[in-house]
Amino acid sequence: MRYLTFALAKGRLARQTMGYLEQIGITCEEMKDKDSRRLIFVNEDLKLRFFLAKATDVPTYVEYGAADIGVVGKDTIMEEGRRMYEVFDLNLGKCRMCVAGPEDARKHLESGEIIRVATKYPHIAKDYFYNKKHQTVEIIKLNGSIELAPIVGLSEVIVDIVETGSTLKENGLVVLEEICPLSARMVVNEVSMKMEHERISNLVKKLKDVLDMAK
Ligand code: PRP
């Protein structure tokens with residue numbers, strides 16, 4: 001039997017995913033050592049491998065088949081636009097992709113004029129404004145603390161993730177439009193899906209049962 005390899009977006013999502021996997025008998029003791037600098041972990045008995053990657057790289061590993069399975073946020077999946085199957089919604093890390101800004105930026109969205117949009121997600125922002133709203137905008141790519149942009153005058157609005165809404169609130173910004181709901185998804189490499197169909201669909205089925213019970 002060959003190894004089935006998982007790429008997990010490191011951080012809370014990976015820990016929660018391992019928690020669910022544990023409930024279906026898939027454990028990886030090696031991974032629990034917080035001081036370890038190891039990047040890849042093996043469960044010899046089940047012939048499974050796990051590695052932690054930066055969230056934005058997970059779709060890349062899965063598309064190229066370096067990982068058979070990935071667990072990553074829908075925001076990253078949409079932004080990266082990789083070829084792979086999205087097999088199910090883990091219902092973890094639920095949040096929304098939104099257009100946000102100061103309340104008075106609403107008029108710019110309604111007028112359809114060319115505005116600046118700051119975001120960590122240029123593809124999602126472009127797709128939303130060009131293909132859905134048919135509005136020409138200038139997209140400015142940032143790497144974090146996106147809420148700063150409209151405050152300091154870099155852009156009129158932002159496209160960003162809103163979870164509790166407190167970052168917006170504390171900075172005097174509001175949600176102006178909702179683009180889509182987000183949550184963590186399991187993704188599978190296209191070839192692995194064919195070659196390891198039984199193992200993967202078994203695993204997905206068991207995980208779904210555990211998640212349904214947790215609801
Ligand atoms: C994310 C997002 C918002 C914030 C939303 O940022 O970009 O800034 O969380 O959460 P809230 O609605 O619960 O306040 P993150 O903390 O990932 O850091 P970043 O600013 O580097 O993107």
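Colleague: Where is lysine 54 found, in terms of strands and helices?

Modeller: This is a predicted model. Lysine 54 sits in the loop that runs between strand S3 (48-53) and helix H2 (58-63).

Colleague: Is lysine 54 buried or exposed?

Modeller: Exposed means over 50% relative accessible area. Lysine 54 has 53%, so it counts as exposed.

Colleague: Which lysines gather with Lys54 in a patch of positive charge?

Modeller: Lys10, Lys120 and Lys141 join Lys54 in that patch, on the surface.

Colleague: What are the overall figures for the chain, in helices and strands?

Modeller: The chain has 9 helices and 11 strands. Along the principal axes, its C-alpha atoms fill a box of roughly 60 × 35 × 35 Å. Of its 215 residues, 45% count as buried.

Colleague: Which residue lies 36 Å from lysine 208, C-alpha to C-alpha?

Modeller: That is tyrosine 130, and the two are 78 residues apart along the chain. Lysine 208 belongs to helix H9 (residues 197-214) and is partly exposed, with 37% relative accessibility.

Colleague: Now a buried charge. What is the nearest side chain of opposite charge to glutamate 79?

Modeller: A salt bridge needs a side-chain nitrogen of Lys or Arg within 4 Å of a carboxyl oxygen of Asp or Glu. Glutamate 79, in helix H3 (residues 74-80), is buried and has no salt bridge. The nearest side chain of opposite charge is lysine 141, 6.9 Å away. Lysine 141 is also one of the residues in the positive patch.

Colleague: Which backbone nitrogen lies 2.9 Å from a polar atom of the side chain of glutamate 79?

Modeller: The backbone nitrogen of histidine 123.

Colleague: Where is the place of asparagine 189, and is asparagine 189 buried or exposed?

Modeller: Asparagine 189 falls in the loop between strand S11 (184-188) and helix H8 (190-195). Buried means under 20% relative accessible area. Asparagine 189 has 6%, so it is buried. A polar atom of its side chain lies 2.9 Å from the backbone nitrogen of valine 191.

Colleague: How should I read the sign of phi? What is phi of lysine 47?

Modeller: Most residues other than glycine have a negative phi. Lysine 47 is not a glycine, yet its phi is positive, about 55°. Lysine 47 lies in the loop between strand S2 (40-43) and S3. With a relative accessibility of 25%, it is partly exposed.

Colleague: What is phi of serine 145, and where does serine 145 lie?

Modeller: Serine 145 has a positive phi near 45°, and it too is a residue other than glycine. Its place is the loop between strand S8 (137-141) and H6. Serine 145 has a relative accessible area of 55%, so it counts as exposed.

Colleague: Which residues form a nonpolar patch on the surface?

Modeller: A residue needs over 30% relative accessible area to enter a patch, and nonpolar side chains are joined within 5 Å. Here the patch consists of Leu148, Ile151 and Val152, with about 290 Å² of accessible area together.

Colleague: Where is isoleucine 151 found, and what is its relative accessible area?

Modeller: Isoleucine 151 is part of helix H6 (residues 148-152). Its relative accessible area is 45%, so it is partly exposed.

Notes: Residues numbered from 1 in each chain as written. Predicted model: local features only at pLDDT ≥ 70, side-chain atom pairs only at ≥ 80, totals over all residues. Heavy atoms only, no water. Patch = residues over 30% accessible without salt bridge, like charges linked within 9 Å, V, L, I, M, F, W, Y side chains within 5 Å. Areas by Shrake-Rupley, 256 points an atom, 1.4 Å probe, with all protein chains shown as cover. Lys, Arg positive; Asp, Glu negative; His and termini not counted. Charge placed at Lys NZ, Arg CZ, Asp CG, Glu CD. Helix = DSSP H or I, 4+ residues; strand = E, 2+ residues; numbered from the N terminus. Buried < 20%, exposed > 50% of the residue type's maximum accessible area, 1.4 Å probe, protein only. Polar contact = N/O pair within 3.5 Å; in protein donor to acceptor, adjacent residues only side chain to side chain.
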